[in-house]
Amino acid sequence: MTENVWTFVAQGISNTIGLTVLGFSLGALLGIPLVAMRFAPLAPVRWISGTYIQITRGVPLVVWLFLIYNGPTQFDPSLGSVFTSWLSALLAIGLVSGAHMAEIYRGSLRAVPLGQREAGGALGMTQVDTAARIIAPQMLRTAIPASATYAIGLLKDSSLASTIGVFEVTFYANTAAGTSSSAVPFLVAGVYYLALTIPSAWGARHLETRLSRKVLR
Amino acid sequence: MGHGISEAIVDPIQRPDSPAIRLHNVDKRFGEHTVLDQVSLSVDPGQVLALIGPSGAGKSTLLRCINLLERPTGGTITVDGVTIEAGHTVSANELAKLRSRVGMVFQSFNLFPHMTALKNIALPQQRVLGRSKKEAEDRAHALLKRVGLADKAQQYPTRCSGGQQQRIAIARALALDPKVMLFDEPTSALDPEVGLEVLRVMRELADEGMTMAVVTHEMQFARNVSDHLVVMSQGRILEEGDPRQIFANPQQQRTREFLRAVLERE
């Protein structure tokens, strides 16, 4: 039985990784226009982005999962074939992490001294050039470690997708636990999560020391 | 800010004796607060202008108006035949045209920390002037040698002392072949001793005939190197003229007070 539990729960690993990687990528992309909007010259544009970030971050992920999974079918049952468990989970994670990533970008943008932008401008570099070659590389120095920490958190939070029936690690553990009336499957799930998070955290730390060694300040 | 600047027009007829920098009735206001009040001045080609005065006088703001890091709310700015009038929107093209003529050195150096000294100097040449990498790096090496830092090419700025960083920053600005160099308190963030190496480079530059405008608290430099001295206070020019004459015999009470305060310290 015990060996079966290991292979049974392992079936969820690819979905856990897939959901985390795709959801995080979606968030990392969505964060870019969101942070750009936060610095827009037009106040209403800033408000839209600020409000989005407030609302998305202020509601628990599990509530977003239920809202996105169940909400659309309320209006049109045929939408159920569009908002499958998997897509709903991906959207919820993507939308929420977009708001978090926008905040990470904003923080790392603030960490770049204003003088850097001025120097680029005074040298006659275009705004795009200054952004791409002067500001962005310095932003990444702080944004990458923060994003890595967030992504590791997301890996664990992706377990919430089991509540709407995504076949990931926690879902399989829960199923096995239900049929065997044993807590062992959750122990197995815990080991799998550790097997994923510990190397990721190690990688993130390694990346951080490499980045800070390259550019001391 | 943001609004309020004009079109740059390249003067087709450039008389050889026309000033390198000319400011006419330049105003800078933030709401009720006036930072610059109708300031006019001109700097001839090859001249070194020193701007001195108590802090908050508007010296740095005036300097930053010359390359439009600060947008004036009124007046006209002409640099090497390119004129910008306050009151219209300035296009990116016009801004580039003006800034290509003006090099700037900041109090806080503002070197790019993620690039070596060489790359700091080479990259802007490649991006702004379209020079090849080889061309840009050759020029960078030559300029590093000129400021006495030939051995620092592969060093990152944070590995260099403040004085070295500032000299790299001067080389970076010179690499773009500016007609005019602006210095915004270039030695204020440095130890007095380290500041000397920067001042030496600046003096050499002046001797070679570079047109310079320098905001400074270095009274020795203002007195001995500059050709024209401007004393500012409260957004206005208090007094201007020959530096030695002003130092020896200031005409205004406020100038006397300021000079006494700074010279007694030295």
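Helices, counted as runs of H or I of at least four residues, and strands, counted as runs of E of at least two, are taken from DSSP and numbered from the N terminus. The exercises below apply to a predicted model.

**Exercise 1. Describe the secondary structure and the overall extent of chain A, stating how many helices and strands it has.**

Step 1. By the criterion above, chain A has nine helices and zero strands, and reading along its sequence gives the pattern α-α-α-α-α-α-α-α-α.

Step 2. Along the principal axes, the C-alpha atoms of chain A fill a box of roughly 70 × 45 × 25 Å.

Step 3. Of the 217 residues in chain A, 42% are buried, and among its contacts between residues at least 6 apart in sequence, 76% join residues at least 24 apart.

**Exercise 2. Decide how much confidence the predictor attaches to chain B and to the complex, and find which element of chain B has the lowest mean pLDDT.**

Step 1. Chain B has a mean pLDDT of 88, with 93% of its residues at 70 or more.

Step 2. Among the elements of chain B, the lowest mean pLDDT, 44, belongs to strand β1 (residues 5-10), whereas the highest, 95, belongs to strand β8 (residues 180-184).

Step 3. The pLDDT is below 50 over residues 1-14 of chain B, a stretch that nevertheless has 44 contacts in the model beyond near neighbours in sequence.

Step 4. For the complex as a whole, the predictor gives an ipTM of 0.85 and a pTM of 0.80.

**Exercise 3. Characterise the interface of chain A and chain B, and work out which helix gives the most to the side of chain A that touches chain B.**

Step 1. The contact involves 20 residues of chain A and 23 residues of chain B, and the two chains bury about 1,900 Å² between them, 62% of it on carbon and sulfur atoms.

Step 2. On the side of chain A, the residues that lose the most area to chain B are E118(A), A122(A) and L123(A), which together account for 31% of what that side buries.

Step 3. Two salt bridges are found across the interface; R64(B) forms a salt bridge with E118(A), where the closest N and O atoms are 2.5 Å apart. Counted with both residues at pLDDT 80 or more, six residue pairs are in polar contact between the chains.

Step 4. Helices α6 and α7 of chain A each supply at least two residues of the side that touches chain B, and α6(A) gives the most, with seven residues. The residues of that side divide into eight nonpolar, six polar and six charged.

**Exercise 4. Examine helix α6 of chain A and establish how many of its nine residues are buried.**

Step 1. The helix spans residues 114-122 and is mostly covered, seven of its nine residues being buried; these are G115(A), Q116(A), E118(A), A119(A), G120(A), G121(A) and A122(A).

Step 2. The buried residues of α6(A) pack against α7 (127-157) of chain A and, in chain B, against α1 (59-66), α2 (92-99), β7 (102-105) and α5 (162-174).

Step 3. After α6(A) comes G124(A), whose phi is positive, near 90°.

**Exercise 5. Place three salt bridges of chain B in their structural setting, and explain why R254(B) and E257(B) are separated by about one helical turn.**

Step 1. The side chains of K179(B) and D80(B) meet in a salt bridge, at 3.9 Å from N to O. This pair links distant parts of the chain, 99 residues apart, with K179(B) in the loop between α5 and β8 and D80(B) in the loop between β5 (74-79) and β6 (82-86). K179(B) is partly exposed, at a relative accessible area of 46%, whereas D80(B), at 16%, counts as buried because the cut-off for that class is under 20%.

Step 2. R167(B) and E197(B) pair at 2.8 Å, N to O. R167(B) lies in helix α5 and E197(B) in helix α6 (residues 192-207) of chain B, so this salt bridge ties together parts that are 30 residues apart in sequence. R167(B) is buried, with a relative accessibility of 9%.

Step 3. R254(B) and E257(B) form a salt bridge at 3.6 Å, N to O. They are separated by about one helical turn because they stand three residues apart in helix α9 (residues 253-265) of chain B. R254(B) is partly exposed at 33% relative accessibility, and E257(B) is partly exposed at 34%.

Technical notes: Residues are numbered from 1 along each chain as its sequence is written. Chains are lettered from A and ligands numbered from 1 in the order in which they are written. Side-chain values use heavy atoms; hydrogens and water are left out. pLDDT is the predictor's confidence in each residue, from 0 to 100. Contact means heavy atoms within 4.5 Å. Buried means under 20% relative accessible area, exposed over 50%, partly exposed in between (1.4 Å probe, protein chains only). Buried area is the accessible area (1.4 Å probe) that two parts lose on being put together, summed over both. A salt bridge is a side-chain nitrogen of Lys or Arg within 4 Å of a carboxyl oxygen of Asp or Glu. A polar contact is a pair of N or O atoms within 3.5 Å; within protein, one must be able to donate a hydrogen and the other to accept it, and residues adjacent in sequence count only if both atoms are side-chain atoms. Ala, Val, Leu, Ile, Met, Phe, Trp, Tyr, Cys and Pro count as nonpolar, Asp, Glu, Lys and Arg as charged, and the others, Gly among them, as polar.
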